[in-house]
Amino acid sequence: MTGRDRIVVMVIATLGILAGVWFLAVAPKREQAAKLASEVSAAQGQLTTAESQVAGASAAQSRYETAYASIVRLGKAVPASQEVPSLIYQLAQATNEKNVEFASITATVPGAGGAGSSSGAGASATAGAGFTQMPFTFVFNGSFDSLYNLFQQLDNFTLHTASGELNVSGRLLTIQSIKLGPVSGAAGGSAQGSGASSGPEQLSGTITATAYVLPAGQTLTGGATPTGPTGAVAQTASTGTASSANAPAVVQVNP
């Protein structure tokens, strides 16, 4: 074998060794490195998604307290139960502020049972949002100006502003009619005895209006608490307003 042949054999052998090292050592490492790079890229994507979710959760948590307070405030306009005493209290406060006598309130109570008959408004859940309707008749005694101011305040218990917000200061009332007339002799004496203005002519104002209650089985916050949502399913309230009664009763309440 000549020197040239020996050189060729050595070169071929060296190339074979290098090829073997490449396929046995370098190539698998490169493949492993590429796989690790792909996994790192996927992990970075997951990290970015997780960071975005954390940021969104933090923002939602910061807004939760305000949102919860808004829901509770809306519950003052449309509560989960009838809460007639609360309504009477709100009306009494309004009449005291306007120097008006709160003479009476007549409520058509849904599901109370009884032989009395109700007008078509009744107590069925026929409002646009599925709310249960509670028709009332209120009687107030006072001067024309005092009654006018009172009626405006009642109409603005729940006010939809031009900016789209809701200002809630009392029960949501839909006023169907307002009737003014002279105060009867007995009522007139009561009105002046209760501190209503004795100067201007005393009138009796009768309002027919409708208050609203959340649909049966719905709670105001759906199980959420001031500290955070619980995901609890709203519990169906077991109240005395079951649908077993055939006709609503008319109840007279004197504040």
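Biologist: Which residue follows α2, and what is the sign of its phi?

Modeller: Helix α2 is followed by N99, whose phi is positive, near 60°. Helices here are DSSP runs of H or I with at least four residues, strands are DSSP runs of E with at least two, and both are numbered from the N terminus. Mind that this is a predicted model, where local features need pLDDT of at least 70 and side-chain atom pairs count only at pLDDT 80 or more, while totals for chains, interfaces and linings use all residues. Residues are numbered from 1 along each chain as its sequence is written, and side-chain values use heavy atoms, with hydrogens and water left out.

Biologist: Okay, but what makes a positive phi at N99 something to mention?

Modeller: N99 is not a glycine. Most residues other than glycine have a negative phi. E83 does it too: its phi is positive, about 50°, and E83 isn't a glycine either.

Biologist: Where do E83 and N99 sit?

Modeller: E83 is in the loop between α1 (3-77) and α2, and N99 is in the loop between α2 and β1 (101-109).

Biologist: Why is N99 called partly exposed?

Modeller: Its relative accessible area is 34%. Buried means under 20%, exposed means over 50%, and partly exposed is what lies in between, using a 1.4 Å probe and protein chains only. So N99 with 34% gets the middle label, and so does E83 with 37%.

Biologist: How do you know that the length of α2 (residues 84-97) agrees with what a helix should span?

Modeller: The expected span is 1.5 Å times one less than the number of residues. For the 14 residues of α2 that gives 20 Å, and the end C-alpha atoms are 20 Å apart, so the two agree.

Biologist: Which residues of α2 are buried, and how do you know that they line one face?

Modeller: They are V84, L87, I88, Q90, L91, A94 and T95. Seen down the axis, these fall within an arc of 160°, so they line one face of the helix; the arc is taken from the directions from the helix axis to the C-beta atoms. On the other side, P85, Y89, N96 and E97 are exposed.

Biologist: How many aromatic pairs turn up in the whole structure?

Modeller: The search finds four. One of them is F138 with F140, at 6.2 Å centre to centre and 40° between the planes.

Biologist: Why is the pair of F138 and F140 called tilted?

Modeller: Rings of Phe, Tyr and Trp (its six-membered ring) pair if their centres lie within 6.5 Å; planes under 30 degrees apart are stacked, over 60 edge-to-face, the rest tilted. With 6.2 Å and 40°, F138 and F140 count as a tilted pair. Both residues are buried. F140 also forms a tilted pair with F151, at 6.5 Å and 55°.

Biologist: What makes the pair of F140 and F151 a tie between parts of the chain?

Modeller: F140 lies in strand β2 (residues 132-142) and F151 in helix α3 (residues 144-155), so the pair ties together parts eleven residues apart in sequence. F140 and F151 are both buried. They belong to one aromatic cluster with F102, F136 and F138.

Biologist: And how many helices and strands does the protein chain have?

Modeller: Four helices and seven strands, in the order α-α-β-β-α-β-β-β-α-β-β along the sequence. Buried residues make up 27% of its 255 residues.
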